[in-house]
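Trainee: I should like to examine one part of this model closely, and then see how it sits within the remainder. Please take the structure below as the basis for a single, connected account.

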Amino acid sequence: MGRPWRGGGRPTCVDPTNHFYGHSRILSRYCGLPPDDPPRIGGVLQHGWTFVHGYGIGHKLTSGYGKYVWSDVVRRRGIAHGWRDYTVIGAPWNYLLELEPEEPAPAREGTIFYPFHGWDRNELLGAHDRLIAEIRATEPGPVTMCLYWLEYDQPHIRTVYEKAGFRVISHGRRDGDPGFLYRQLAELRRHRRVASNRLTSAVFYGIAAGCAPAVYGDPMLMAGVNPLYEGRDLVPRLYPELHGPSVELAVAREIAAAELGRSYLAPPEELRLLLRWPVPAEVS
Amino acid sequence: MNDATNGVRLIGGEMNRWADLAAGRPAAGGPVLRDLVRRFAGPGVRVLVAGPHEPELLGGLLDSGAGVTVMVRSLPDAEELAGSTGAEVVCGALDRVRGGRFDLVVALDGVGRLRSPESAPETWARSVERLVELREDGGTLLLGAENPLGLHRLAGIADADPTTIRKWRPEGVRPSGLGELVDVLPGCGLFLAHPLPGRPAVLCSPASDLPFEAMEAAARTSAASLQTSADPAELLHDALRAGLAMELAAGWVVVVGPGAETLPPALLAADPVGTGRPVVVEVDGGIRTPCGDLDPRVHGRVARLPERLAGLLPAGRSLQRVLERACADHDLPGLRRTLRAYADWVLGLPGQVGVFATPDNVLIGDVLTGEAGFVLADPSRELTAEVAPEEALARVLRHFAIGLLAADRPLPWPPGMGAHELTRLLQVTAGRPADHPAERTGLALEAEILAAGRGLSRAEAAPLTAAVARGEVMGVERLPSHRELLALHGAVTEELRMVRSRARWAERTLAASEKKAARLEKAVAQRDRQIRHLKGSRSFRAGRLVTSPGRVLIRLARA
């Protein structure tokens with residue numbers, strides 16, 4: 001069987017961010033619809049963990065369509081923000097985990113570390129050297145540095161980590177790369193620990209994929225980011241339990257399940273109706 | 001000396017150009033008060049009915065063999081009663097009544113319409129005293145009193161006669177509140193009356209252990225016809241939760257004299273399924289007993305079998321409220337759990353009973369144990385024809401969906417879902433397949449049962465049936481109040497906003513696509529020109545000449 005996410009063409013969309021990280025394709029596959037050609041979603045998917053209303057700044061949402069978010073707290077924040085039309089379906093990651101159950105594999109080893117990334121328009125300011133020192137002091141086993149493509153494409157950053165003796169990888173670009181989350185899941189399942197210098201989607205994904213989490217190190221600053229979306233100080237106050245070089249696993253799992261909306265996982269048929277997708281037969 | 005005219009005895013203070021029965025607020029009556037009065041009547045009992053009461057109530061008294069005297073202030077009313085009933089009719093004001101002692105005095109309309117302009121102003125307490133004096137020793141007075149702070153007034157039920165305010169209206173027509181009532185009539189049998197003081201669907205004593213779900217359900221059956229500024233159901237719910245049902249009741253019924261102790265703590269009316277023959281039940285110590293006429297009520301294929309109401313009164317939380325709460329909280333996991341358990345339960349019922357297991361008629365017995373024990377609040381309705389359980393489920397979910405949309409409840413689902421789409425989603429959330437053939441039957445059943453409840457004939461029901469089939473919500477559910485009307489207006493405005501916004505988005509996307517297409521067309525045209533230009537060039541023609549043998553060979557090889 002080939003990889004389920006292979007396939008080209010730009011699918012139809014209400015919002016292009018629905019296809020980030022292959023989200024729409026994962027949901028389409030889960031619903032029994034063509035994984036390479038997801039139908040148009042009747043709204044906008046939340047595409048990353050957030051401590052605000054589910055969407056990034058400057059993300060112009062088409063009003064009149066649903067907002068599909070990961071957790072109920074995001075919906076409540078959104079309502080308080082004056083937004084509406086929320087439906088909680090949980091993170092696409094949950095659906096991926098349903099599609100790709102963990103198979104017996106060699107023992108997990110080492111730590112996968114996600115240094116806080118900038119995004120396409122903001123570059124990161126921070127001392128990579130200081131971070132490397134902290135990781136070395138904390139992590140007992142081998143370390144994989146997973147860089148965002150933006151950093152990965154800059155040889156000088158990549159080399160800094162390679163010289164430190166870390167394995168350096170990237171899961172790919174979030175746009176136009178349906179294999180992103182599949183690769184991320186495979187990597188996370190190889191590692192015993194997931195860590196980052198900021199609490200981000202990757203940490204929650206890692207917890208859900210069976211890793212022990214840690215959040216420590218210089219949190220770095222994103223250049224020119226709107227203060228509303230800058231969680232450097234806010235997030236540690238929100239979840240002090242998840243910060244530190246070692247974190248109580250049971251607590252972390254509980255929080256991750258809530259933030260990823262694990263209990264909101266909808267059966268395929270229901271998810272299909274929630275996304276206002278046609279019945280599988282009508283498509284193929 | 002009293003004068004008599006047209007069989008009416010005139011006692012003074014009568015109003016010649018006035019009518020209470022034909023105009024103004026409705027006369028006291030309804031199934032519950034009829035049942036109450038019946039309990040005190042019997043052969044040889046001398047009864048005075050003081051004030052306007054509906055003819056059915058008088059008829060019941062006369063049928064019991066009681067000797068009935070009716071006293072009204074309006075002469076036209078008196079003449080009509082004298083002509084249409086076998087009762088002795090007296091016309092005039094309460095303060096002119098001399099002599100005459102009765103075993104039973106019925107004044108369930110209150111004292112307000114017992115006085116005329118000829119009467120000197122007096123307090124409510126004084127009028128009550130006059131009524132009390134009309135009793136024989138050991139006789140009973142059944143008195144109605146409106147609560148000025150009643151929920152019907154707080155919900156702003158429009159006065160049936162909007163000109164009343166400009167008409168003559170005496171002072172002291174009602175007590176100032178529960179306090180005055182109890183002061184004036186201490187130690188008497190007291191019942192709250194709801195949702196209208198003169199036509200209650202519920203009579204309930206403070207000692208009753210009636211669960212408030214039962215009271216709400218009974219109030220709902222008659223509240224649908226009220227003109228209110230807000231649906232009183234919500235206010236009633238809050239009043240019951242706050243333990244203020246007695247203080248905020250629409251009114252009270254007081255039993256002065258013997259007999260109060262023999263009355264059941266609660267009397268409730270049940271929906272007559274469009275037959276106009278209501279069913280009344282009494283509730284005592286958690287046991288429900290249907291009263292009076294136990295014959296089945298049948299309208300079309302919808303039947304109510306009153307004897308099924310006998311037995312333990314089911315208790316529990318209303319499933320409707322539990323589901324509405326889960327919707328408002330966006331508790332989709334909770335909705336899934338509850339709806340699945342509910343659907344399994346409905347599918348286990350015989351279909352002809354299951355079609356009436358709508359969430360507003362279902363109680364959840366014990367939620368804490370995790371094993372939801374569902375029970376029908378009113379198990380007495382059934383369809384006289386065979387129905388598959390799947391079809392019954394399709395109907396109850398359709399009914400629930402329409403209700404949610406009509407009330408503009410906050411919903412956890414994407415915006416702009418119509419009744420068809422929402423019903424399908426509820427089916428799936430309940431763990432059933434989305435496109436079930438039962439869906440069509442469910443639609444037809446919903447229309448049929450709605451129509452029967454309103455007493456509509458098959459022909460009269462056609463517009464309603466069509467509206468249900470189109471998935472409409474407006475015109476299917478009745479809007480009981482101004483608040484609901486406003487809510488619906490809000491919902492329609494919201495839908496318009498959404499649709500406009502989507503149209504704008506589609507326009508923008510289309511414009512962008514057109515621009516892109518135009519650009520591409522232009523590029524293609526330019527390429528075409530270039531190609532034509534190249535093909536016309538000498539070097540191209542020379543090249544073709546040189547390569548022509550090769551092309552011929554390729555063509556031959558392919559053939």
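Trainee: Which are the buried residues of α14(B)? Please begin from that helix and work outward.

Mentor: The model is a predicted one, and every value that follows is to be read in that light.

Helix α14 of chain B covers residues 419-429. Its buried residues are B:Ala419, B:Leu422, B:Thr423, B:Arg424, B:Leu425, B:Leu426, B:Gln427, B:Val428 and B:Thr429. Because 9 of the 11 residues in α14(B) are buried, this helix is largely enclosed by the rest of the structure. The criterion behind that reasoning is that a residue is buried if 20 or more other C-beta atoms lie within 10 Å of its own. The list includes B:Arg424, B:Gln427 and the two threonines B:Thr423 and B:Thr429 beside leucines such as B:Leu422 and B:Leu425. The surroundings of α14(B) come from both chains: its buried residues pack against α11 of chain A, and also against α11 (332-348) and α13 of chain B. Just after the helix, B:Gly431 adopts a positive phi of about 85 degrees.

Two of these packing partners lead further into the model. Helix α13 of chain B matters for the nonpolar interior. The largest nonpolar core holds 207 residues, and the members that touch the most others are B:Val106, B:Leu142 and B:Leu268. The most is given to this core by α13(B), residues 389-406, with 11 residues. In soluble globular proteins, nonpolar side chains tend to be buried together. Leaving aside residues up to four places away in sequence, B:Val106 touches B:Val37, B:Val47, B:Leu48, B:Val49, B:Ala50, B:His53 and B:Leu142. B:Val106 and B:Leu142, both named among the best-connected core members, are therefore also partners of each other, in the sense that their C-beta atoms lie within 7 Å.

The other partner, α11 of chain A, belongs to the interface. There, 20 residues of chain A are in contact with 19 residues of chain B. On the chain A side, α2 (72-80), β3 (86-88) and α11 (268-274) each supply at least two residues. The largest share, 4 residues, comes from α11(A). By character, the residues on this side divide into 6 nonpolar, 8 polar and 6 charged.

Strand β3 of chain A, which also contributes to that side, is part of an open sheet of 3 strands in the order β1-β2-β3, with parallel pairing. Since β1 (43-45) and β3 stand at the edges with a single partner strand each, one side of each is left without a neighbour in the sheet. Neighbouring strands are turned by 25 degrees against each other on average, direction ignored. Strand β2 (residues 66-69) is joined to β3(A) by 3 bridges, and A:Val69 stands opposite A:Val88 in β3(A). As for chain A as a whole, it has 12 helices and 10 strands, and buried residues make up 45% of its 284 residues. Among its contacts between residues at least 6 apart in sequence, 64% join residues at least 24 apart.

Chain B also offers a helix pair for examination. The axes of α15 (residues 438-453) and α16 (residues 462-469) come within 9 Å and cross at roughly 145 degrees, and the crossing is right-handed. On α15(B) the contact is made by B:Leu443, B:Glu446, B:Ala447, B:Leu450 and B:Ala451, and on α16(B) by B:Leu464, B:Thr465, B:Val468 and B:Ala469. These residues divide into 7 nonpolar, 1 polar and 1 charged.

Chain B further contains an open sheet of 3 strands, ordered β14-β15-β20, with antiparallel pairing. Its edge strands are β14 (297-299) and β20 (381-383), each of which pairs on one side only. Here neighbouring strands are turned by 20 degrees against each other on average, direction ignored. Strand β15 (residues 302-304) is joined to β20(B) by 3 bridges, and the bridge partner of B:Arg304 is B:Arg381.

A residue that is not buried completes the account. B:Glu136, in strand β7 (residues 135-146) of chain B, counts as partly exposed because it has 14 C-beta neighbours inside 10 Å. Not counting residues up to four places away in sequence, B:Glu136 touches B:Arg101, B:Phe102 and B:Asp103.

Methods: Residues numbered from 1 in each chain as written. Chains lettered and ligands numbered in written order. Predicted model: local features only at pLDDT ≥ 70, side-chain atom pairs only at ≥ 80, totals over all residues. Core = buried A, V, L, I, M, F, W, Y, C linked by C-beta atoms within 7 Å. Buried ≥ 20, exposed ≤ 12 C-beta atoms within 10 Å, placed from the backbone. Contact = placed C-beta atoms within 7 Å. Nonpolar A, V, L, I, M, F, W, Y, C, P; charged D, E, K, R; others polar. Axes fitted to C-alpha atoms, helices over the stretch in contact; angles between N-to-C directions. Left-handed = near helix turned anticlockwise from the far one by under 90°. Pairing = 2+ DSSP bridges.
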